[in-house]
Amino acid sequence: MGMQVVRFEKNHTEKWGVVEENRIKLVKGNYPTLADFLEKGQEEAQRILEDTSAESVSFDDVTLLSPVTKPARIICQGANYSSHRTESGMEANRPPFNLLFSKADSSLSGAYSEIIRPSNVELLDYEIELGLVIGSNINEAIEVTDDNLHEYLAGIVLTNDVSARDVQFVQGQWLRGKSYRTFCPTGPILYLLDKEEVPRIHDLELNLWVNDELRQSASTNQLLYKPAETLTDVSQVMDLSKGDMVLSGTTGGVAMNLTPDLLKQVSDPTQSVESKRKTLVENQLKNGNKYLKEGDVVRASIKSKDGKINLGEQRNVVISHSLVTAE
């Protein structure tokens, strides 16, 4: 069995813990980053898990933090489910290449943190995704297969790739549109996988609700580019380090719904930014507007059918930037 690990704050101190029977058993070592924890803390965590006398705390007594920490590369796969490709105005078939982009690590936030909608964003969207946490430094082109994936993958985590569609598509800037602060709720659980469990990442259930309405529901067996081939692909281009994260893409059911013609219009470089934005916003807001607004509650979960792998549940409330005040 793998381990459920959490990172949390208690009494103004950040700590790591192992989950057992709905309590958190405290890891005593000081590991400022996820990379530190993966390098030096896993063995201690395993000992703590087996120690029946280890100190523990209730979830109610701590503030859960993102288990993925800065600094970290966050590499994302775009349009990696057929259903999401269709609603994005693309062909449903697997494309000839992996669509890759990145998010800033300053977008990382906790599983129960507020999602802040910037004042310039009208089309705020959600995207449940399985996060792949890197367990070994990758500094050269490698061939990752299902048989050796365990050598490079430390664990998995629940993420929400929050997106400002009116920035992402109108400006053609995916990094900007997906990197506002709070745009990457992560956790609550980092599940560290045993070698034997790694194949189970291909059959996990993803569900996301907005105000208790189920919007997204899928299985990771529907991924077009699987984790092993994605890590192979990424390694041809860039380095990855222990503690980095790869987001494997979202499924259908997001608020955005583009036709091929509309996608072409808002991607047309001959049109002004103002014209493209007006076209996109007017179209999206009149077609069953499901975009996130102030006060919306987004919940998400990822787990195996038998519940043995469970990444916990996120619950994030959307607030507008105008409500954010300095302390």
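The legends below describe close-up views of a predicted model.

**View A. The largest pocket and the residues that line it.** In this predicted model, the largest pocket has a volume of about 210 Å³. Its lining is drawn from separate parts of the sequence numbering, with Q42, then G135 and S136, then H150, E151, Y152, L153 and A154, and finally L193, D194 and K195. Sorted by class, these lining residues comprise 4 nonpolar, 4 polar and 3 charged residues.

**View B. The largest cavity and its surroundings.** The count of cavities of 30 Å³ or more comes to 1, and the largest cavity holds about 100 Å³ of space. A set of 17 residues lines the largest cavity, and those closest to its centre are G78, A79, H84, E127 and W174. Among the elements of secondary structure, strand β6 (74-78) and helix α3 (165-168) each contribute at least two residues to this lining. By class, the lining of the largest cavity divides into 6 nonpolar, 6 polar and 5 charged residues.

**View C. The crossing of helices α6 and α7.** Helix α6 spans residues 260-267 and helix α7 spans residues 273-286, and their axes come within 8 Å of each other while crossing at roughly 150°. Because an angle over 145 degrees counts as roughly antiparallel, α6 and α7 are described as roughly antiparallel to each other. The crossing of α6 and α7 is left-handed. On the side of α6 the contact is made by L262, Q265, V266 and S267, while α7 brings K276, T279, L280, N283 and Q284 to it. Taken by class, the residues of this contact between α6 and α7 are 3 nonpolar, 5 polar and 1 charged.

**View D. The cis peptide bond that leads into P71.** The bond from K70 to P71 is modelled as cis, with omega near -5°. P71 itself is placed in the loop that runs between strand β5 (63-65) and strand β6, and β6 is also one of the elements that supply at least two residues to the lining of the largest cavity shown in View B.

**View E. The cis peptide bond that leads into P188.** A cis peptide bond joins G187 to P188, and here omega is near 15°. Whereas P71 lies in a loop, P188 has its place within strand β14, which covers residues 184-192.

**View F. The backbone at H12.** The phi angle of H12 is near 65°, which is a positive value in a residue other than glycine. H12 is found in the loop between strand β1 (3-10) and strand β2 (13-20).

Key. Residues numbered from 1 in each chain as written. Predicted model: local features only at pLDDT ≥ 70, side-chain atom pairs only at ≥ 80, totals over all residues. Heavy atoms only, no water. 1 Å grid on protein atoms, 1.4 Å probe; cavity = no way out; pocket = protein on both sides within 12 Å on 5 of 7 lines; lining within 4 Å. Points joined across faces, edges and corners; volume = space filled by probe spheres on them. Nonpolar A, V, L, I, M, F, W, Y, C, P; charged D, E, K, R; others polar. Axes fitted to C-alpha atoms, helices over the stretch in contact; angles between N-to-C directions. Helix = DSSP H or I, 4+ residues; strand = E, 2+ residues; numbered from the N terminus. Parallel < 35°, antiparallel > 145°, perpendicular 65-115°, else oblique. Left-handed = near helix turned anticlockwise from the far one by under 90°. Contact = heavy atoms within 4.5 Å.
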